[in-house]
Structures are given as C-alpha cells and as structure tokens.
Amino acid sequence: MVVELHRCTVLAPRARRALLEAYADVRAPLLREPNYRVAAFVERLDLHAAAPGFALVLGHDGGTPVGYAYGNTVGPGDPYWRRMAEPLPDGFTDDPVLAVREIGVRAPWRGTGVARRIHDALLAGRAEGRAALMVNPLAGGGKVRRLYEGWGYRPFNSQRATEVSPELVAMIRAVAAG
C-alpha cells in the first residue's frame, strides 16, 4: 500500500466527492444515527469549509480515497468554545486553535499508520499553536481516545455538539508536539 497525501484549502468538487466517498465507508455502521448521516456531515462540512483556516488532507491509494482529516481555525468567542460543559480558564481561548473536525480511515488501511500521517500532514505548517478535537469516549471501546492520547492530546473538557450527538471529550495538544 502506497498512500499519497493531498492537501487542499478549498473544497473543490473532486476533493469533496473523494471525502464523501471515504466518509460514507468509514462511518457506514453509524449512518442510521442522525448526527452521522451523510446529509448531516455535508451540512457541517460546508460550514467548516467556509470558515477561516480550512484545510483538508486526503489519503489516496491509487485512485481510492482511503482516509481524511480536516479542520479550521477557531478563535476567541467562537461557538466551539461556548458549547463546553465546564467553564474554561481565563485566557484559554485567547489564541486561535486548529479545530480538527473529522479524522477517518477506511478499514483496510487502519492500523497501518495512515491516520497518523494524515493527521500530521493536517497540522504541518499551521500558524495556530494548538490543535483541539472532540472524541466519543466509547468509539472503538475507548481505542480512539487512547490513540489520540498517544498522539499527544490531553482531555480538557467535554461538550455535546448537538442535542442528538453523544457527549464528546474535548482534547488539546500543541501543534508541534514533541
């Protein structure tokens, strides 16, 4: 498997199609859930793609999109921060943060390091000093959260993005984790 990574900051039709193809496969077991339906994902994707600092990294094995990660910049006062379950410490949101909105890898490429490569390519060269993401603590029986912890993320809060979404653990790390 030779996975090539492609980065874009504008969601062109070809990249959008590849992302939606990969998303539908990655999330197939959950697509009946309201928050995971393709239409709900597209709605969120369009909002994020129009936001400042949007970037997408797609991994392709030949012509097959095998994984993705995307995010955008969130700054002080962004609704991202206002949905947190607990008050944040003074100054916590003063500097812009890269909100990693989605990461997904198709089953045949899981466990190969592709997810980490895609993630690291998304963070590479970012101006923000920190990256944040949300994870369902039950995903993969806790395996997904442990994976992110292995990448340097630490929990700092929780939030429920919508009324139909599960309670998510909010995690953060330095963009240039060492």
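A residue is taken as buried when its relative accessible area is under 20%, as exposed when that value is over 50%, and as partly exposed in between. In this predicted model, G77 has a relative accessibility of 48% and therefore counts as partly exposed. G77 is placed in the loop between β3 (64-74) and α3 (79-82). Although G77 and V66 are 11 residues apart along the chain, their C-alpha atoms are separated by 35 Å.

Strand β3 also holds N72, which, with a relative accessible area of 2%, is buried because that value is under 20%. The side chain of N72 is joined to that of R101 by a polar contact of 2.9 Å. When neighbours within four places in sequence are left aside, the contacts of N72 comprise H48, A51, P52, G53, F54, V97, L98, A99, R101 and R126. The last of these residues, R126, lies in the loop between α4 (114-123) and β5 (130-135), and its relative accessible area of 15% is likewise under 20%, so R126 is buried. Residues up to four places away in sequence not being counted, R126 touches R7, G53, F54, A55, N72, T73, L98 and V175. G53, F54 and L98 thus appear among the contacts of N72 and among those of R126.

In soluble globular proteins, nonpolar side chains tend to be buried together. The largest nonpolar core of the model contains 24 residues, of which V100, L122, L123, L133, Y148 and Y153 touch the most other members. At least two residues of this core are supplied by each of β2 (55-61), β3, β4 (97-105), α4, β5 and β7 (168-174), and the largest share, five residues, comes from α4. Apart from this core lies another, of 16 residues, which includes A18, V26, Y36 and L45.

Helix α4 has V114, A115, I118, H119, L122 and L123 as its buried residues, and these pack against β1, β2, β3, β4, β5 and β7. An α-helix has 3.6 residues a turn, so residues three or four places apart point the same way. With residues up to four places away in sequence not counted, L123 touches L98, V100, A131, Y153, R173 and V175; of these, V100 and Y153 are also listed with L123 among the core residues that touch the most other members. Following α4 is G125, for which phi is positive, near 75°.

L133, another of the core residues that touch the most other members, lies in strand β5 and is buried, since its relative accessible area of 2% is under 20%. Outside its neighbours within four places in sequence, L133 is in contact with Y80, V100, I103, Y148, Y153, V169, A170 and M171. Three of the residues in this set, V100, Y148 and Y153, likewise belong to the group of core residues that touch the most other members. The C-alpha atom of L133 is separated by 26 Å from that of R14, the two residues being 119 apart along the chain.

Rolling a probe the size of a water molecule over the atoms shows where empty space is left. The largest pocket encloses about 1,600 Å³ of space and is lined by 49 residues, among which R27, E102, I103, M134 and Y148 are the closest to its centre. Two or more lining residues are given by each of α2 (38-49), β3, α3, β4, α4, β5 and α5 (143-150), the largest share, six residues, coming from β4. By class, the lining of the largest pocket divides into 27 nonpolar, 12 polar and 10 charged residues. Two of the residues named as closest to the centre of this pocket, I103 and Y148, are also in contact with L133.

The second largest pocket has a volume of about 240 Å³, and its lining is formed by H6, R7, C8, R14, A15, A18, E21, L58, H60, G62, G63 and P65. The elements that give two or more residues to this lining are β1 (3-8), α1 (13-26) and β2, with α1 providing the largest share, four residues. Five nonpolar, four polar and three charged residues make up the lining of the second largest pocket. Among these lining residues, R7 is also touched by R126, whereas A18 is named as a member of the 16-residue core.

How values were computed
Residues are numbered from 1 along each chain as its sequence is written. This is a predicted model: local features need pLDDT of at least 70, side-chain atom pairs count only at pLDDT 80 or more; totals for chains, interfaces and linings use all residues. Side-chain values use heavy atoms; hydrogens and water are left out. Buried means under 20% relative accessible area, exposed over 50%, partly exposed in between (1.4 Å probe, protein chains only). Contact means heavy atoms within 4.5 Å. A polar contact is a pair of N or O atoms within 3.5 Å; within protein, one must be able to donate a hydrogen and the other to accept it, and residues adjacent in sequence count only if both atoms are side-chain atoms. A nonpolar core is a set of buried Ala, Val, Leu, Ile, Met, Phe, Trp, Tyr and Cys residues joined through side-chain atoms within 4.5 Å. On a 1 Å grid over the protein atoms alone, a cavity is a set of points where a 1.4 Å probe fits but cannot get out, and a pocket is an open set with protein on both sides within 12 Å along at least five of seven lines; lining residues have an atom within 4 Å of a point. Grid points are joined across faces, edges and corners, and a volume is the space filled by probe spheres set on the points. Ala, Val, Leu, Ile, Met, Phe, Trp, Tyr, Cys and Pro count as nonpolar, Asp, Glu, Lys and Arg as charged, and the others, Gly among them, as polar.
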